[in-house]
Amino acid sequence: MLRDPRTTRVTGDATAAIYRRTEDIAADEDPRRHGDEPVAEAYCWSNLTSGNGSRALWLLLLPFMVVNLAHWMRPSAPGRTRSVRLYGLLVRLVALSLTVLLTAAACEVALDLTAWQCAGEPDCSGQRSWLGFLSTAQDGWWSQPGRRLVVAALVPAALVGLLWYLSNRTWSAYESQRPLSGAEPERTDVDDADGAETVSTDALTPPAARPALGRPGFWFGRRLVARLRAAHTAAGFLTVAAAVGGAAARHDRAADSPVPGFLGGALEGALVLCGLVVVLVVCRRGRSERRLDNRIDRAVVTFLPGAALALLLVSAVHASWSRPGWVSRGALPGEVTFRVLAIGQGVLVIALAVVAVSLSTRSPEPRTALRGLGGPAVAMLACALGGVMTGGVAQRVADWLDGSGTPGMGSGSVIEGPPVLLSWQASVIPVLLLLLLIPVLTLIVRTARSARRMGPAIEEEYGEGQPDPARTRRIAMTRATAVLTDSAPRLLGALSGATLLLGAGAVAGSWATGQVPGLAMDGSAPVVESLAEAAQSTGSWMIGVGFILFVTWGRRAYRDVSARRTIGILWDVGTFWPRAAHPFAPPCYAERAVPDLSSRMSAWTGRTRGRLVISGHSQGSVLAASAVWQLPDATRRRVALLTYGSPIERLYGRWFPAYFGPAALEGLHRSVHCWRNLWRPTDPIGGPVCIEEGGRYEVDRGPLKDPLVYGRTPELPLPEPILGHSDYQADPVFAQERAALLEQLDAVLPRQAEGEAQGSSGRSSG
C-alpha cells in the first residue's frame with residue numbers, strides 16, 4: 001500500500017493499525033523536508049476479516065449473516081417511524097427462527113436419529129460400538145429412552161454454548177470499542193424516522209442532514225447485541241429442553257407412568273412462559289444510535305439464559321426418572337416442529353415484503369434493488385440456506401446410521417429417518433436449479449451478444465488503426481462481464497420467489513401425504529414416480545455435498561493462506577453491518593475500523609491543523625465514507641474524499657437505500673469540501689456514484705481507460721493488462737486527482753504553521 005518495504009506502525013495493534021513509511025515518521029514535526037508532497041498513511045484492516053484461519057469457520061453461520069443483512073436493506077422512508085420499527089421487528093423474528101431451526105436440527109440428529117431411533121434399535125446400535133452403553137440390547141442404566149435423550153442433549157446444548165461463547169468474545173472485541181470522545185458528532189437537534197439528523201454548528205450555515213451512519217451510537221452496538229445474545233441463547237436452551245422434557249411429558253400422559261403427569265405439564269408451561277419472555281425481549285425496540293449507549297440490561301443478559309439453562313437441567317432430571325415400561329418406537333415428533341418453523345418463516349417473510357412495499361411506495365427510488373424488496377428476498381434466502389444446511393446434516397447422518405437402507409422408504413430401512421418435510425425440501429432443490437438455468441443461460445447469451453456489439457466502439461475509443469480482434473474481444477468481454485453485477489437483483493428476486501413457492505409446495509406435500517416423495521408418488525404415472533424418486537435422492541445428496549463443501553472450505557483455511565484470504569475477502573461485504581438482527585452472525589469489523597479512521601482523522605487535523613485526503617479502494621471506500629460521516633463538522637471541512645473502485649452506489653446505494661441512497665450520498669458530497677470518485681467500465685464491483693450537479697456528474701471521474709493503451713507503444717512496449725477492479729493507484733489519473741483535491745483544500749484553508757501540506761491515504765485490504 002505504501003510502495004515501500006520500510007514501514008513503521010504509527011498507532012494501532014496487530015489486528016488493525018495505521019502505518020507510515022519509516023522516513024515519514026517525523027513528518028508532522030518537520031514538514032519542510034517534504035515540500036508540497038503529501039505524506040501517505042495506510043490503514044491496514046485485513047486482519048479484521050481475513051487474518052485468522054479459524055475465522056473461515058464463520059462460513060458455517062452464513063444464514064445468520066445473510067438475515068442480518070436483510071435488516072439493513074429496508075427502503076428509505078422519511079416519517080414512517082412505526083413501519084420502520086415493524087420492519088426491524090419482523091427481521092429479528094426471522095433471525096430468532098433461524099436460531100431455533102439450527103438447534104432443532106442438532107436435536108434431530110443427536111436426540112431423534114441417534115439416541116431415540118438408532119440406540120433403540122439393536123440392528124442399528126449393534127453396528128456402532130460407541131452407542132453400546134445406550135443400546136437397549138445392553139439393558140443398562142442408560143438404556144431407558146429418557147436417559148438416552150439426556151445424554152444426547154449434551155450435543156445441542158454444547159452447540160448453543162459455543163455460539164454464546166463466540167458471540168460474547170467477539171462482542172468484547174468489536175461492539176465494545178468506544179469511539180474517541182472528541183470525534184463524536186455534534187449534538188442532535190432533530191431526529192426523523194429515516195435516520196437523518198439535522199446538525200448545525202454555524203449560525204450562518206443552514207443545517208445539513210446527517211444520516212444514520214453519522215450518529216454517535218451507530219457503530220457502538222454493545223447493548224443491543226448483549227440483549228439479543230441473551231435471548232437467542234435462551235431460545236437455544238429452551239429448544240433442547242422442549243425436545244428432552246416434551247418426550248417424557250407425552251409418555252407420562254399417554255401411559256401408566258410412575259411419574260405424575262402434572263409434572264410434565266408444569267414443565268411445559270414453564271418452557272412456554274420462558275419462550276414468551278424471549279420473544280418479548282427480541283421484540284423490544286432495536287438499536288439506540290443517537291447516543292453512545294453504554295448500558296447493559298443486566299437482568300436480561302444474566303437471568304434469561306440462566307433461567308433457560310435451569311429449565312434444561314430440570315427437563316433432564318425429569319426425563320431421567322425411571323420409567324421401566326417406556327420404549328422408543330418410530331421417531332420423535334420433529335415433523336411438527338420443522339413444519340411450524342417453515343410456515344412461520346414463510347409468513348414472516350411475506351409480512352416483511354408487505355411492509356417493504358409500503359415503505360418503498362411512500363418514497364420510491366428508481367435504482368433501489370427489486371423496488372425495495374431486497375430485504376425480504378435476502379431474508380428468504382437466509383431461511384433457505386438454513387433449511388439446506390440443517391436438512392443436509394440430518395439427511396446424511398440418517399443415511400450413515402441406516403447403513404445400506406434408505407431412511408423413510410419402508411422395507412430395508414433400519415430406522416425411520418428424519419422428518420418427512422426435510423426429504424420434501426431436499427427434493428425441490430433439483431427443480432429449483434433447473435428453473436434457475438433459464439435466467440442464467442439468458443444472461444450468458446446476452447453477455448456474449450453485448451460483447452460483440454462493443455467491439456467497434458472499443459476500437460474507435462482507442463483510435464486503433466490496425467485492431468487486433470483477440471485483444472478487442474478480450475476487452476469487450478471483460479466490460480460485458482462487469483455489467484453482470486447489475487443483473488444480480490433480478491436473479492436474486494427469481495431465486496427467492498421460486499424458493500418461497502417451492503418451499504410452500506414441500507410443506508403442503510409433506511403435510512398431505514405424510515410420506516417422502518418417493519413413496520408419496522407410488523401408484524402414479526411411471527414417469528412421475530421416477531422423477532419423484534430421482535429428485536429425492538439427488539436433492540438429498542446435493543444438500544449433503546453442499547454442507548461438506550462448506551466444512552471442507554473452512555478446514556482448508558487452516559492450512560492454506562490463499563484460501564484463508566479469499567474467504568476473508570468474501571466476508572468483507574457481509575460483515576460490514578452491525579449485528580442488529582442476529583447476535584450469532586460473524587462480527588462487524590466496521591465497528592472497529594470506522595472509529596479507528598474517524599479518531600485518527602479528528603486527532604490529526606486537530607493537532608496539526610493540516611489538510612487531509614482520505615482515499616479508499618473497494619470496501620475501503622465504504623469505510624472511508626462512513627468514517628467521514630462520523631467526523632465533527634469542523635473536521636470535515638479539512639477533509640477531501642477520494643474513492644476508486646467503489647461499490648458505494650452500485651452495491652450499497654441500491655441494496656441499502658436507507659443508508660447509502662441518493663439523499664445520503666448527496667449529503668456526504670455537500671458535507672466534505674470535495675469528493676472525487678474514479679471508476680472503470682471493466683470493474684465488476686466499482687462504479688459511478690451518480691451525484692448530479694449543474695447538469696453533470698460532479699463527483700465521478702470516468703470511465704477510465706482499461707487497459708491504459710490498446711497495443712504496444714514506445715512508452716509501454718509490452719501489452720498492458722486489463723486491471724478491472726485492481727491497481728487504480730497505477731493509473732496516472734489517481735495522482736492527478738489527489739493533487740487536485742489537495743489544491744482545492746488549499747484554496748479555502750490556511751496553510752499549516754510551517755507552510756507545508758499533509759495528506760493521508762488508505763485503501764481496502766482487498
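Contact means heavy atoms within 4.5 Å. Axes are lines fitted to C-alpha atoms, for helices over the stretch in contact, with angles from 0 to 180 degrees between N-to-C directions. This is a predicted model: local features need pLDDT of at least 70, side-chain atom pairs count only at pLDDT 80 or more, and totals for chains, interfaces and linings use all residues. Residues are numbered from 1 along each chain as its sequence is written, and side-chain values use heavy atoms, without hydrogens and water.

**View A. The whole protein has 23 helices and 12 strands.**
Helices (H or I, at least four residues) and strands (E, at least two) are DSSP runs, numbered from the N terminus. The protein has 766 residues, of which 54% count as buried. Buried is under 20% relative accessible area, exposed over 50%, partly exposed in between (1.4 Å probe, protein chains only). Take the contacts with a separation of 6 or more: 79% of them join residues 24 or more positions apart.

**View B. An open sheet of three strands has the order 1-2-3, with antiparallel pairing.**
Strand 1 and strand 3 (41-44) are its edge strands, each pairing on one side only. On average, neighbouring strands of this sheet are turned by 30 degrees against each other, direction ignored. Two strands pair if DSSP finds at least two bridges between them. Strand 1 (residues 7-12) and strand 2 (residues 17-21) run antiparallel and share five bridges. Look for Thr 11 here: its bridge partner in strand 2 is Ile 18. The two strands, strand 1 and strand 2, form a hairpin, with four residues between them. Four bridges link strand 2 to strand 3, again in the antiparallel sense. At this pairing, Arg 20 stands opposite Glu 41 in strand 3.

**View C. Helix 17 lies across strand 1, strand 2 and strand 3.**
This helix covers residues 590-608. Helix 17 runs at about 160 degrees to strand 3. The strands beneath this title are those of the open sheet with the order 1-2-3.

**View D. An open sheet of four strands has the order 7-8-9-12, with parallel pairing.**
The edge strands are strand 7 (612-617) and strand 12, and each pairs on one side only. Strand 8 (residues 639-644) and strand 9 run parallel, joined by five bridges. Two residue pairs mark this join. Leu 642 stands opposite Arg 676 in strand 9. Thr 643 stands opposite Asn 677 in strand 9. Strand 9 also pairs with strand 12 (residues 700-701), in the parallel sense, over two bridges. There, Asn 677 has Asp 700 of strand 12 as its bridge partner. Helix 18 (residues 619-629) lies across strand 7 and strand 8, and it runs at about 140 degrees to strand 7.

**View E. Strand 9 is largely enclosed by the rest of the structure.**
The strand spans residues 674-678, and five of its five residues are buried, so the rest of the structure largely encloses it. Its side chains point two ways. Cys 674, Arg 676 and Leu 678 point one way. Trp 675 and Asn 677 point the other way. All of these residues are buried.

**View F. Helix 6 is mostly covered and bends at Gly 245.**
Of its 33 residues, 28 are buried. The bend at Gly 245 is about 25 degrees. A bend at a residue is the angle between axes fitted to the seven residues ending there and the seven starting there. The expected span of a helix is 1.5 Å times one less than its number of residues. For the 33 residues of helix 6 this gives 48 Å, and the end C-alpha atoms are 47 Å apart, which agrees.

**View G. Ala 234 is buried, with a relative accessible area of 0%.**
This residue lies in helix 6 (residues 222-254). Its contacts, leaving out residues up to four places away in sequence, are Val 278, Leu 304, Pro 305 and Ala 308. Pro 305 is 71 residues from Ala 234 in sequence. In space, the C-alpha atoms of Ala 234 and Pro 305 are 4.5 Å apart.

**View H. Two stretches have pLDDT under 50: residues 182-208 and residues 749-766.**
pLDDT is the predictor's confidence in each residue, from 0 to 100. For the protein, the mean pLDDT is 84, and 86% of residues reach 70 or more. Residues 182-208 have 67 contacts beyond four places in sequence in the model. Residues 749-766 have 75 such contacts.
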